[in-house]
Structure formats: C-alpha cells, structure tokens
Amino acid sequence: MAEKLKIIKVETTLRFEGLPSAREMPNKRVKLQLPQADGTIFTVILSTRSWRRAKVSAAEFANWSGIITSEDLSKDRHGWRLSEAGVKILETEVKPSTAEIEPVEVVEVIEPVEAVEPIAIEPKVLKVDTKIRFAGLPKAKPMLDKKVMVQLTREEDGVVFSAFLNAKTWRKAEADAKAFKHWVGVISGRFGTNEQEAELMEAGVKIYEMESLPPKKEQEELLIES
C-alpha cells in the first residue's frame, strides 16, 4: 500500500549580512526583517538573548556573515516568516586580489591619523536553502532541459512547495522508494518564491530506508555530496 503523501518537516537556513534593527516583542522575543534582492521580505522571530549574543559576536569580527535557522516557515503579508529561529555569526575571510601588483617607489609621509568609523553594511539576505522531509511519492511533471517539477502541499496551512529537479535524479528516487518497504524522502534546494507558492530551485532528493536513516549531520553531508 502506498504511503500517504505528506510533508513531515520543513527546515530553512538563511544566510545574511548586516545587522537589522530588532523590535521587542512579548515573551522575551524580538522581530527583525531582512530583504532579499527580489524584494521578498523575511520576518524572523527569535529570542532576545540569542539576538543579543549575535550582536556581540558581530562586533568582534571585521568581516562576518550570519546564519538563521528555523523549522517554522510560514507565509505572511510581507513575504515569509521564520519563527522560533536560531542565529549564529560566523567570521569570514576576505580573499586577497590575485591581480599582479607592480612595484612602486615608497615615499614615507607621516600625517595625523584620524579615527575611521567602520562602514555599516546594509542588512540583506544572501542565500536561503530549504530542506523538506516527506512521506509518499508525489507525481513528477516533465519540464524543459531534462528537469521535472514535483509539488508537496503542507496540510497545516496549505502552502505549496514546488521543487525543480534533474529527471534522472528523480527516477532514481522513485526506484529507491519502490525498493524500500518503509522510507522517508528529503528534498533540498535553494529557496525561491512567487505570489502563490514556495519554490526549491536546483533541488536534490534522497530516499532513506527507515531502518537505516542516518543521523541528522550525516544526512546533511549526503545531501551536499549528491
């Protein structure tokens, strides 16, 4: 008997730069908003303590980017909302230029040094990735360039996730699902959106037999490799 098609869990990872202003909310929470290049607004709800720690970490690094993670993605009137989120600030390295530099004569000039204020970076979304754990096998719609589209609808709020995958990859997933008595699937891809639904672009898919489902960290490594 075929398993009922359903979304089990949606995990979203958002990478950003620049510190947005945060608005205090009840229950020791703050709300902040981050814009994407296409105009989509991500509203993030996280604990006041987590945000305070993130600001301290950002102040310690000359160059950094932030990562927000959430298992509660929903649509709102501004765009998308990430609730009960976590945040982490990571130091980033600035790669030196590979252009050849011609030697020049150095003339030492001593001038008074004035304090220079650091340049504030405008807050913005750099990248959003979404991972969907699901049961049941959706039907694939053929697309151009040897791609297929599969759709998953979340029962709780009716949000539709459309994933665009390589046709060969999807055929392997179908074969694996038929070979296993009990299984769970994971689709991961770059998050996009339109007015009606969420989209996972350049997505990958993996089918795991329930008895051999690897730990969460190993799952992520397998998905990256695939």
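Nine salt bridges are present in this structure, which is a predicted model. Side chains of opposite charge can pair when their charged atoms come close. The points below take three of these bridges, then turn to aromatic pairs, a charged surface patch and one further lysine.

**Salt bridges**

- Glu 155 and Lys 4 are joined through their side chains in a salt bridge, with an N to O distance of 3.2 Å. This pair connects distant parts of the chain, as the two residues are 151 residues apart. Glu 155 sits in the loop between strand E10 (147-153) and strand E11 (160-166), while Lys 4 belongs to the segment before E1.
- Glu 155 has a relative accessible area of 56%, so it is classed as exposed. Lys 4 is also classed as exposed, because its relative accessibility is 59% and the cut-off for that class is over 50%.
- Lys 9 and Glu 71 form another salt bridge, at 3.9 Å from N to O. The two residues are 62 residues apart and lie in distant parts of the chain: Lys 9 in strand E1, and Glu 71 in the loop between E5 and strand E6 (72-75).
- Lys 9 has a relative accessibility of 28% and therefore counts as partly exposed. Glu 71, at 46%, counts as partly exposed.
- Lys 124 and Glu 17 meet in a salt bridge of 3.5 Å, again taken from N to O. Lys 124 lies in strand E8 (residues 124-135) and Glu 17 in strand E1, so this pair links parts of the chain that are 107 residues apart. Lys 124 is partly exposed, with a relative accessible area of 39%.

**Aromatic pairs**

- The count of aromatic pairs comes to four. One of them is formed by Phe 16 and Trp 64, whose ring centres are 6.1 Å apart and whose planes stand at 75 degrees, an edge-to-face arrangement.
- Phe 16 is in strand E1 (residues 6-17) and Trp 64 in strand E5 (residues 64-70). With their positions 48 residues apart, the pair links distant parts of the chain. Both Phe 16 and Trp 64 are buried.
- Phe 42 and Phe 191 also form a pair, with ring centres 5.9 Å apart. Their planes are at 65 degrees, so this pair is edge-to-face; the cut-off for that class is over 60 degrees.
- Phe 42 lies in strand E4 (residues 41-47) and Phe 191 in strand E12 (residues 183-193). The two are 149 residues apart, and the pair links distant parts of the chain. Phe 42 and Phe 191 are both buried.
- Phe 42 and Phe 191 join Trp 80 in one aromatic cluster.

**Positive surface patch**

- Arg 49, Arg 52, Arg 53 and Lys 55 make up a positive patch on the surface.
- Arg 49 is located in helix H1 (residues 48-60). Its relative accessible area is 56%, so Arg 49 is classed as exposed.

**Lys 141**

- Lys 141 is part of strand E9 (residues 140-142).
- Is Lys 141 buried or partly exposed? Its relative accessibility is 48%, so Lys 141 counts as partly exposed.
- Lys 141 and Ala 167 are 26 residues apart along the chain, and their C-alpha atoms are separated by 9.6 Å.

Notes:
Residues numbered from 1 in each chain as written. Predicted model: local features only at pLDDT ≥ 70, side-chain atom pairs only at ≥ 80, totals over all residues. Heavy atoms only, no water. Patch = residues over 30% accessible without salt bridge, like charges linked within 9 Å, V, L, I, M, F, W, Y side chains within 5 Å. Areas by Shrake-Rupley, 256 points an atom, 1.4 Å probe, with all protein chains shown as cover. Salt bridge = Lys/Arg side-chain N within 4 Å of Asp/Glu carboxyl O. Lys, Arg positive; Asp, Glu negative; His and termini not counted. Charge placed at Lys NZ, Arg CZ, Asp CG, Glu CD. Helix = DSSP H or I, 4+ residues; strand = E, 2+ residues; numbered from the N terminus. Buried < 20%, exposed > 50% of the residue type's maximum accessible area, 1.4 Å probe, protein only. Phe/Tyr/Trp six-rings, centres within 6.5 Å; stacked < 30°, edge-to-face > 60°.
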